[in-house]
Each structure stands twice: as C-alpha cells, then as structure tokens.
Amino acid sequence: MTTDTPTDVFEEHRPVLMGVAYRMLGRVADAEDVVQEAWLRWSGADRAEVREPRAYLVRVTTRLAIDRLRQVKARGEAYVGPWLPEPYVTDFGDTVPDTAERAVLADSVSLAVLVVLESLSPLERAVFVLREAFGYPYADIAAMLDRGEPAVRQLAGRARKHVDERRPRYEVDPAQRRDLTERFLAAAAEGDLAGLMAMLAPDVRLVGDSGGKSKAPLRILESADNVGRFLVAVAGKGIPEMSFRFLELNGGPAVLILSGDKPDSVFQVDVSDGRIRSVYIVRNPDKLRSLASA
C-alpha cells in the first residue's frame, strides 16, 4: 500500500516533465510554466482513474507544451539577430547511469539540435522529443497525442529526416570538449590569436544571441580568421569584475561569464576531429536569469 502524496508523485516525475517541456520549447521560463500548469491539472485530477502517473503527466505536459509552442509561433515575433535556446542546466548526476542513454539525452538537448527543432511543427517536435529523447513506443505517443499510430510514425519519420539533414555532426566526448573549452577560454582571455586559430576549424561558425539587448554579432560569423579576430577584440575590451565558472549546460561543458555577481554571457563550443566547429555565445539577459544562482 503506497502512502505517496500527490506532491510526492509529481516531484518524482518533475525532472522528466521539465526535460520534455524544455526540449519542446527551448525556453526555461516557458517550460517551468508548463510544468506548473501540469501540476495544477494533476492536483485537480481524479487520481483513482490514473493507472500510470508518469504516462498521464507526460501526456498532460506534452499537450500543454504543444499549445504553448503554437501560441509562440502564432505571435510570429521578430527576433533581433541569431536565436539560440535558453541555456539549461543538465547535470544528470547519478540519475542516468547508462552511458548510451546519457549520450542520447545530452544530444537531444544540445544547442545545435534545439535550433533545428525550432523549424519543426509543434506535433513533429513532440513526436521527435518523445521518441528520440525518451524512447516512448509509437503506440504510447499516439495515445498521448490522440493520433493514430500510422500518423505518428509518419510524423516521426518526417521529423527525423529533417533533423538528420540539418543537424551538424559533432563528437560528444565530454573530456575533450572540456579540455578544448578551457584552452579556448584561456587563449581568448589572453588575446592569443595564434592559440585560438590552432583550435578553430577552418570553417568554424560563431553564433551570438543577444536579442538586441546586449552586444553580440547580429549575424553568424564564419571562418577561423573572422571568429578568432572577433574573440580577441572582445577580450581586449574586458568585462568589469569578470569571473567565470564551468557548468554542464545543454548536455555539455560550458562557461558562465559573470560581471560582479551577475551573469554576463554563456560560452559553449562543439567539437569535431579535435577542432572547435561551432562557438555559441548567449548574452541576452532574459536568457541568463535562471543561471544567476547556478
């Protein structure tokens, strides 16, 4: 006989619900709102009729996230400069011991993949997240979305093809990414252009997200020369009372730059063949608020 309260049950599944909502929306605040709404639905539900709380909660969260995503797309708000997802702390710790499962979860929440997911329809995105990140059977996804299984399989195939065609291919070795991140940070801070150039792939891309609310490139920078010179120029200007700390964000090592005690920016790199292939910089202050206490 279980003595778990409704709150106990919900809190047990909260990490999964947050994982689904964030992958669906790419925004921490929106994901938290969706999970809170799922809690309200759960607290008011007739739980005697709920056979599998996890399945029920994932279904409710997914549908709420689809509705929220449709609202965002319908507003069609113009974004100033390149867009990146809001950085999300993903220290899996001991909750995901299997290496293969950790790799799948990390990849599905990476900045590169989430950027591609933005171009999917809400239903395609939901099917992709539930199938590829969390491994739900097609029959279960069909029940969650009130769709026939053949339709869900079609959505999954279309979404997977779209993502596979557009996602960059990077290595996910955390130790190598951490090593290159540390060396990259040191070279940039010292204005060491030669050191940076040695780490950057010739076709490296730098994506800066400011939302027009702070200084960052308003277009994607390409080539080692352009990216290296930009980073050296930025380092030369300095940040008042600068400090930094390493975090695991979006499934990989990242650097949180602080000005005093306030988050200033997040740096993260993607690596392939021992070289940095992409540099991501998030400076939109709205996207850094959740990291203030990280």
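Here are four short exercises with worked solutions on a predicted model.

**Exercise 1. Find which parts of the chain the salt bridge between R68 and D30 links, and decide how covered each residue is.**

Step 1: Start with the contact. The side chains of R68 and D30 form a salt bridge, with 3.2 Å from N to O.

Step 2: Place both residues. R68 sits in helix α3 (residues 53-75) and D30 in helix α2 (residues 28-43). They are 38 residues apart, and the pair links distant parts of the chain.

Step 3: Look at the cover. Buried means under 20% relative accessible area, and partly exposed runs from there up to 50%. D30 has a relative accessible area of 17%, so D30 is buried. R68 has 22%, so R68 counts as partly exposed.

**Exercise 2. Work out what the salt bridge between R167 and D107 ties together, and say whether each partner is buried or partly exposed.**

Step 1: Check the distance. The side chains of R167 and D107 meet at 2.1 Å, N to O. A salt bridge needs the nitrogen and oxygen within 4 Å, so this pair qualifies.

Step 2: Locate the partners. R167 belongs to the loop between α8 (149-166) and α9 (174-189), while D107 belongs to helix α4 (residues 99-108), so the bridge ties together parts that are 60 residues apart in sequence.

Step 3: Apply the cut-off of 20% again. R167 is buried because its relative accessible area is 14%. D107, with 30%, is partly exposed.

**Exercise 3. Starting from R125 and E118, find the network that their salt bridge belongs to.**

Step 1: Begin with the pair. A salt bridge joins the side chains of R125 and E118, at 2.8 Å from N to O.

Step 2: Follow the shared partners. Salt bridges that share partners bring R27, E118 and R125 into one network.

Step 3: Add the cover. Both R125 and E118 are buried.

Step 4: Set this in the whole. The structure holds 25 salt bridges. Side chains of opposite charge can pair when their charged atoms come close.

**Exercise 4. Describe the surroundings of strand β1 and how β1 runs beside β6 and β2.**

Step 1: Consider the cover. Strand β1 spans residues 200-209, and seven of its 10 residues are buried, which leaves the strand mostly covered.

Step 2: Turn to β6 (residues 275-282). Six bridges join β1 to β6, and the two strands run parallel. Here V207 stands opposite Y280.

Step 3: Turn to β2 (residues 221-222). Two bridges join β1 to β2, and these strands run antiparallel. Here R205 stands opposite E222.

Terms used:
Residues are numbered from 1 along each chain as its sequence is written. This is a predicted model: local features need pLDDT of at least 70, side-chain atom pairs count only at pLDDT 80 or more; totals for chains, interfaces and linings use all residues. Side-chain values use heavy atoms; hydrogens and water are left out. Helices (H or I, at least four residues) and strands (E, at least two) are DSSP runs, numbered from the N terminus. Buried means under 20% relative accessible area, exposed over 50%, partly exposed in between (1.4 Å probe, protein chains only). Two strands pair if DSSP finds at least two bridges between them.
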